[in-house]
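Please open the structure in your viewer and keep the selection tool at hand, since this tour moves from one selection to the next. At each stop, make the selection first and then read what is there.

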Amino acid sequence: MSGESTRRETVAVVVVTFNRADLLVRMLDGLAAQTRPADAVFVIDNASTDHTRTVLDARTDLPLHVTTSAENLGGAGGFHLGMRQAYDAGHDRILLMDDDVVPAPDFLEVMTAHTGPCQMAVREDLQGRLVEKAAIRFDLDNPLAIKPKTASVDSTYASRAEMPAEVEVENVAFEGFMVRRDVIAAIGLPDPSFFIFYDDVDFAIRARRAGYPVVCLRDAVLVRQLDFNQQHDLGSWKGFYMFRNLFVVHFRYGGNVLVRLKPWLIVLMVVLLSPLRGGRGEAANVIKAIRSAREMRHLDPASSPDAVRPPR
């Protein structure tokens, strides 16, 4: 048997963090306790102003590679940068993690035992309740589906115990998502122009459309340290990104012209209903969002397959 065929695959973990040093400590503790250790941990510190740097400097139990950005790149920009660094370093698999989850001790062992191209962990909260929001169905074909996520893992299964060992999903969160380097070579990197929200959805859609299935692994446990709240004030700065990036996904991947026109219907509905619900802030956000989304109909060139070096 050749040395290449028996070579142990390497796994790099990419962590993006911003001003959550105390949560980061617990996440790094979890990585340090893995039964299958990571070969490298690339941390992208998004210009944190708390004691994040002190936390990172104190770690001697992990193979850390820390990059502190001059400005906040957002989750999308951070994962783009970290995945590029891990890919360029030649790692076989790359795991993306947020700073507010803690992996079970056998987490990496379970993830790497699966040989598929893309795996997603299954998250739970501090009470052990299933909170995995990855979509089992993300409908970009039905123009009447205002919210494309029509079924998620936690809306389909009441508990982890009720899940099968593998569940195929149509989108992911960059909070426990592992991808093989050949997938990156084929589809490129996460799109940093999303800033926050939907960069993970965009990446999963690109992977699946290139023929790479994505599965949630029941036994890959991540514990979320914060309450899982996907509801944001749509009149806030986060609301702008929620609207804009949802529109971008429809423009890029809508299965028919009616789906690609759906963002305009959403804009009309939000503006008309704003006196009754979201007010002027939400109406202003949705108008600004549709204008910005029109400029993002195509993948950022920095994320295209041409922007990554061929696999070794």
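Begin by selecting helix α8, residues 199-209, together with helix α9, residues 237-253, which pack at an angle of about 20° with their axes 10 Å apart. An angle under 35 degrees counts as roughly parallel, and so α8 is roughly parallel to α9. If you turn the view to look at how α8 and α9 pass each other, the crossing is right-handed. Bear in mind throughout that this is a predicted model.

Next, show the side chains where these two helices meet: V201, D202, I205, R206 and R209 belong to α8, and they meet V249, R252 and Y253 of α9. Sorted by class, the contact of α8 with α9 has four nonpolar and four charged residues, and no polar ones.

Now select I205 alone, which is found in helix α8. Is I205 buried or exposed? Its relative accessible area is 1%, and because buried means under 20%, I205 counts as buried. Leaving out residues up to four places away in sequence, I205 touches F138 and L140, as well as V249 and Y253. Add F138 to the selection and compare the two positions: I205 and F138 are 67 residues apart in sequence, while their C-alpha atoms are 9.4 Å apart in space.

Move on to R206, which also has its place in helix α8. R206 is buried too, with a relative accessible area of 9%. Follow its side chain outwards from the backbone, and you will find that the side chain of R206 reaches the backbone oxygen of I187 at 2.7 Å, and that it makes a polar contact with the side chain of D202 at 3.0 Å. When neighbours within four places in sequence are set aside, the residues in contact with R206 include G188, L189, P190 and D191, and also Y253, L299 and S303.

For the last stop, select helix α10, residues 257-273, and helix α11, residues 279-294, whose axes come within 9 Å and cross at roughly 165°. Angles over 145 degrees count as roughly antiparallel, and therefore α10 and α11 are roughly antiparallel to each other. Here α10 passes α11 in a left-handed crossing. Show the side chains that make the contact, which are P263, W264, V267, V270 and V271 of α10 and E282, A283, V286, I287, I290 and R294 of α11. By class, this contact of α10 with α11 has nine nonpolar residues, two charged residues and no polar ones.

Notes
Residues numbered from 1 in each chain as written. Predicted model: local features only at pLDDT ≥ 70, side-chain atom pairs only at ≥ 80, totals over all residues. Heavy atoms only, no water. Axes fitted to C-alpha atoms, helices over the stretch in contact; angles between N-to-C directions. Helix = DSSP H or I, 4+ residues; strand = E, 2+ residues; numbered from the N terminus. Parallel < 35°, antiparallel > 145°, perpendicular 65-115°, else oblique. Left-handed = near helix turned anticlockwise from the far one by under 90°. Contact = heavy atoms within 4.5 Å. Nonpolar A, V, L, I, M, F, W, Y, C, P; charged D, E, K, R; others polar. Buried < 20%, exposed > 50% of the residue type's maximum accessible area, 1.4 Å probe, protein only. Polar contact = N/O pair within 3.5 Å; in protein donor to acceptor, adjacent residues only side chain to side chain.
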